[in-house]
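Trainee: Please take a close look at the surroundings of the ligand in this model. I would like the shell described, and then how its residues connect to the rest of the chain.

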Amino acid sequence: MSKRIAIVDNYKCDPTRCAHECIKFDPINRSGGEGFRLDEESGKATIGPEVTSDAHQICAKKCPFEAIKLVRLPQEASGKPTLFQFPNCAKNLTQAQDWWGDIIGQVDSTYYDLQSSADDFYQRYNTSDNIVNVRALALCNEEGLRINYTKGGCYGDSSADVIRPSEQSLMNLMNCPVMGSVNRRRAEQVLALFSGD
Ligand code: SF4
């Protein structure tokens with residue numbers, strides 16, 4: 001079954017002018033768990049990608065500013081066998097801890113560069129006649145790119161017994177031009193071989 005992630009448009013989300021409908025109607029919150037909440041830093045709505053599901057359509061529908069979009073994550077080339085390969089497709093948790101356990105929680109800095117460029121673009125071109133929201137078009141989000149131990153993927157289906165470093169990646173989101181911390185580190189290691197030092 002394909003997964004869902006929630007994209008919150010931080011320009012539209014304004015918790016000072018709504019009744020926090022996304023939080024109130026969240027089926028996980030209503031059953032005592034943690035679904036939509038306000039992010040401590042940004043003050044905007046957020047939800048962990050690991051708990052997001054079709055049931056959160058209700059949150060998108062209830063938001064008075066249409067700030068939430070649910071996006072289906074495509075299966076990675078489903079039907080192909082799972083590919084186990086360094087540095088980002090580990091056979092099990094022990095191997096994953098060995099490969100990227102030292103950078104758990106990191107988010108590739110390219111993500112912040114991307115958001116900052118989108119902000120700049122928005123500030124320049126957002127007028128009442130011409131609303132351009134680049135940020136909403138970039139389908140990655142901070143939590144989705146945060147390094148952790150995510151089950152499934154690596155060309156196999158989402159239930160395959162494999163661990164990868166993040167929920168989102170260049171491989172499964174066409175609009176996510178972020179390499180990810182694990183791949184970045186590997187690319188830098190390889191490039192360093194040619195640095196001449
Ligand atoms: S997503 Fe919508 S309902 Fe939720 S806090 Fe933001 S504006 Fe309010």
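Mentor: By class, the shell around the ligand is made up of ten nonpolar, one polar and two charged residues. That shell counts 13 residues, and the closest are Cys13, Cys18, Cys22, Ala45 and Cys63. The model is predicted, so a word on confidence belongs here. The chain averages a pLDDT of 83, and 82% of the residues score at least 70. Among the elements, helix H1 (residues 21-24) has the highest mean pLDDT, 97, while helix H6 (residues 134-137) has the lowest, 55.

Cys22 is a useful place to start. Leaving aside residues up to four places away in sequence, Cys22 touches Phe36, Ala45, Cys59, Lys62, Cys63 and Ile68. Two of these partners, Ala45 and Cys63, are also listed with Cys22 among the residues closest to the ligand.

Cys22 also belongs to the largest nonpolar core, which has 13 residues. The members that touch the most other members are Ala6, Val8, Cys22, Ala45, Ala67 and Ile68. Strand S1 (residues 3-8) supplies the largest share of this core, four residues. A second core, separate from this one, has nine residues, including Cys89, Ala96, Val162 and Val182.

Ala6 leads on to another residue, Thr52, since Thr52 touches Arg4, Ile5, Ala6 and Ile47 when residues up to four places away in sequence are not counted. Thr52 sits in the loop between strand S3 (45-46) and helix H3 (57-62). Despite the loop position, Thr52 is buried, because 23 other C-beta atoms lie within 10 Å and the cut-off for burial is 20 or more. Thr52 and Ile28 lie 24 residues apart in sequence, with their C-alpha atoms 9.2 Å apart in space.

As for the chain as a whole, the secondary structure consists of eight helices and six strands. Read from the N terminus, the order of the elements is β-α-α-β-β-α-β-α-α-α-α-β-β-α. Of the 197 residues, 28% count as buried. Among contacts between residues at least 6 apart in sequence, 66% join residues at least 24 apart.

To return to the request: the shell has ten nonpolar residues, and Cys22 and Ala45 are listed both among the residues closest to the ligand and among the core members that touch the most others.

Methods:
Residues are numbered from 1 along each chain as its sequence is written. This is a predicted model: local features need pLDDT of at least 70, side-chain atom pairs count only at pLDDT 80 or more; totals for chains, interfaces and linings use all residues. A nonpolar core is a set of buried Ala, Val, Leu, Ile, Met, Phe, Trp, Tyr and Cys residues joined through C-beta atoms within 7 Å. A residue is buried if 20 or more other C-beta atoms lie within 10 Å of its own, exposed if 12 or fewer, and partly exposed in between; C-beta atoms are placed from the backbone. Helices (H or I, at least four residues) and strands (E, at least two) are DSSP runs, numbered from the N terminus. Two residues are in contact if their C-beta atoms, placed from the backbone, lie within 7 Å. A residue is near a molecule or strand if its C-beta atom, placed from the backbone, lies within 6 Å of it. Ala, Val, Leu, Ile, Met, Phe, Trp, Tyr, Cys and Pro count as nonpolar, Asp, Glu, Lys and Arg as charged, and the others, Gly among them, as polar. pLDDT is the predictor's confidence in each residue, from 0 to 100.
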